[in-house]
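Me: Could you walk me through how to read a protein structure? I'd like to learn by asking about one feature at a time.

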Amino acid sequence: MTARGWFLFSLMGVVWGIPYLMIKVAVDAPLSAATVVFVRCALGALLLLPFAIRQGGLSSTVRSHWRPMLAFAVIEIMGPWYTLTDAERHLSSSTAGLLIAGVPIVGVVLARFFGDTERLGARRVTGLGLGLAGVGVLTVPHLTGGDAKSMAEVLVTVVGYATAPLIAARHLKDIPSLQLTAPCLALAALVYAPGAALTWPSSVPSASVLAALAGLGVICTAVAFVAFLELIKEVGPTRATVITYVNPAVAVAAGVLFLSEPLTVGVGVAFALILAGSVLATAGPVKVTAEPSCCESPATWPPRQTSRADGRVESPLGGLSEHRPGSTGQGDG
C-alpha cells in the first residue's frame, strides 16, 4: 500500500473500533435504536452536505446513480446500523466488535457472486473454516434467551458490511466520496426520523450519552465514512475491509477499559481464530515463477498481483497495469 493507504487504514482501524463502545453507552441510557441511528446519520449529513454541495454536481450525481446509491445506503447504513445498535442492548460491545471481524470472511464468499472467479485454494478455504469456528466459539454461549436474536442481528450487520464495499467498488467508484456519503446519510436520517420522534427521550440525556452520540455522528460517521470510501478507492473493497482485523482489538480494549467488560478465555480464542481465518481467507494468490537466468536480476518483490474490483491489476508496488475485462477478484479483507 501507499503511504496514503496506510494512513487511511490506520485511521479506520481506530475510528471504527470505538463505535461499539459509544453505541453501548447510548442504548444503556436507554435510547432507542432508531434515535441513535437518526442522530448519528443526521449529524453526519449536516457536517458533510455543505461540502458535497460546494463541490458542485451533487443533484446530477444522485440522478444518474440513484439506484446503486440507494442500495449502498440500505445495505451499509440503514439496515446494519439499526441491527447492530439494537443487538447491543443484550450483547457487550466487545462481543459485537469481535463478530464484526467476520466481515472479510463473508466478503470473500460474496465476491464470488460479484464475478470473482479466482480459485480459493486450500489456504483460503482453511481460513474460512477457522473464521467460522471463531464465530461459533463466540456465538454458541449466546444462543439461549434473548441473545439469539441479537446474534442474528449482528450477523445481518456483517453481511451488509461485506456487501456494500463490493457495490461501491463496482458501481460507485467514480463518485466523489462526499457526494456518495452525504446523500446516503441524509436519506437514512429521513427514514429514521419518525421512529426517533416517537421514542425521543423525555429528559435530556447525561453528558456521557451526549458525548457518545456526538462521537458517533462526527468521528465514527462523518470523518470515518469519507476516509473509508477513499480507502476503498485506494486499495480495493476487500483490502479495505481488513480494518476489521484491527477494529475488534480496539473494541475489546475499549469495552474492558471503559465499561469493565470481562476479557474471557472464550473471547481470546474467538479473536485468535477470527483474526487468523480472516488473514488466510483474504490472502492473495502466490505465483511461483522460474528462477532468473544468469542475465536477469532477481525480483526485489514477489511477482504477486491482485486484481481489483474494477478489473485493473494492482502490482505489489501499488501501481496499476493493464485493464483486464471481466476481472473482479480482490485480495483483501
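What follows is a chat about this model, from the overall make-up down to single residues.

Me: Before we start, what kind of model is this, and what secondary structure does the protein have?

Reply: It's a predicted model, so keep that in mind throughout. As for secondary structure, the protein has 13 helices and three strands.

Me: How many residues are there, and what share of them is buried?

Reply: There are 333 residues in the protein, and 50% of them are buried. You can also ask how far apart in the sequence the touching residues are. Taking contacts with a separation of 6 or more, 83% are between residues 24 or more positions apart.

Me: Let's take one helix. What do I look at in α1?

Reply: Start with its span. Helix α1 covers residues 3–15, which is 13 residues, and reaches 18 Å from its first C-alpha to its last. That is close to the 18 Å expected at 1.5 Å a residue.

Me: And which residues of α1 are buried?

Reply: In α1, the buried ones are Gly-5, Leu-8, Phe-9, Met-12, Gly-13 and Val-15.

Me: Now, how do I describe two helices that pack together?

Reply: The general idea is to give two values, the angle between the axes and the distance between them. Try it on helix α2 (residues 19–27) and helix α5 (residues 93–100): their axes are 9 Å apart, at an angle of about 140°. That angle makes α2 oblique to α5. The crossing of α2 past α5 is right-handed.

Me: Which residues make that contact between α2 and α5?

Reply: From α2 you have Tyr-20, Leu-21 and Lys-24, and from α5 there are Ser-93, Ala-96, Gly-97 and Ile-100. Sorted by class, the contact of α2 with α5 has four nonpolar residues, two polar and one charged.

Me: What about α6 and α8, at what angle do they pack?

Reply: Helix α6 (residues 103–111) packs on helix α8 (residues 147–171) at about 55°, with the axes 8 Å apart. So α6 is oblique to α8, and it passes α8 in a right-handed crossing. On the α6 side, Val-103, Val-106, Gly-107, Leu-110 and Ala-111 take part. They meet residues of α8 including Val-158, Tyr-161 and Leu-166. The classes here are nine nonpolar, two polar and no charged.

Me: Helix α8 has come up already. How does α4 cross α8?

Reply: Helix α4 (residues 58–87) crosses α8 at roughly 155°, and their axes come within 8 Å. An angle over 145 degrees counts as roughly antiparallel, so that is how α4 and α8 run relative to each other. Their crossing is left-handed. The contact of α4 with α8 brings together 15 nonpolar, seven polar and four charged residues.

Me: Last topic, the backbone. What should I expect there?

Reply: As a rule, most residues other than glycine have a negative phi, and most peptide bonds are trans. With that in mind, look at the bond from Ala-29 to Pro-30: it is cis, with omega near 0°. You'll find Pro-30 in the loop between α2 and α3.

Me: And what is the phi of Ser-260?

Reply: Ser-260 has a positive phi of about 55°, although it is not a glycine.

Me: Where does Ser-260 lie, and is Ser-260 buried or exposed?

Reply: Look in the loop between α12 (243–259) and α13 (265–281). Ser-260 has a relative accessible area of 63%, so it is exposed.

Note on methods: Residues are numbered from 1 along each chain as its sequence is written. This is a predicted model: local features need pLDDT of at least 70, side-chain atom pairs count only at pLDDT 80 or more; totals for chains, interfaces and linings use all residues. Side-chain values use heavy atoms; hydrogens and water are left out. Helices (H or I, at least four residues) and strands (E, at least two) are DSSP runs, numbered from the N terminus. The expected span of a helix is 1.5 Å times one less than its number of residues. Buried means under 20% relative accessible area, exposed over 50%, partly exposed in between (1.4 Å probe, protein chains only). Axes are lines fitted to C-alpha atoms, for helices over the stretch in contact, and angles run from 0 to 180 degrees between N-to-C directions. Angles under 35 degrees count as roughly parallel, over 145 as roughly antiparallel, 65 to 115 as roughly perpendicular and the rest as oblique. A crossing is left-handed if the near helix is turned anticlockwise from the far one by less than a right angle, and right-handed if clockwise. Contact means heavy atoms within 4.5 Å. Ala, Val, Leu, Ile, Met, Phe, Trp, Tyr, Cys and Pro count as nonpolar, Asp, Glu, Lys and Arg as charged, and the others, Gly among them, as polar.
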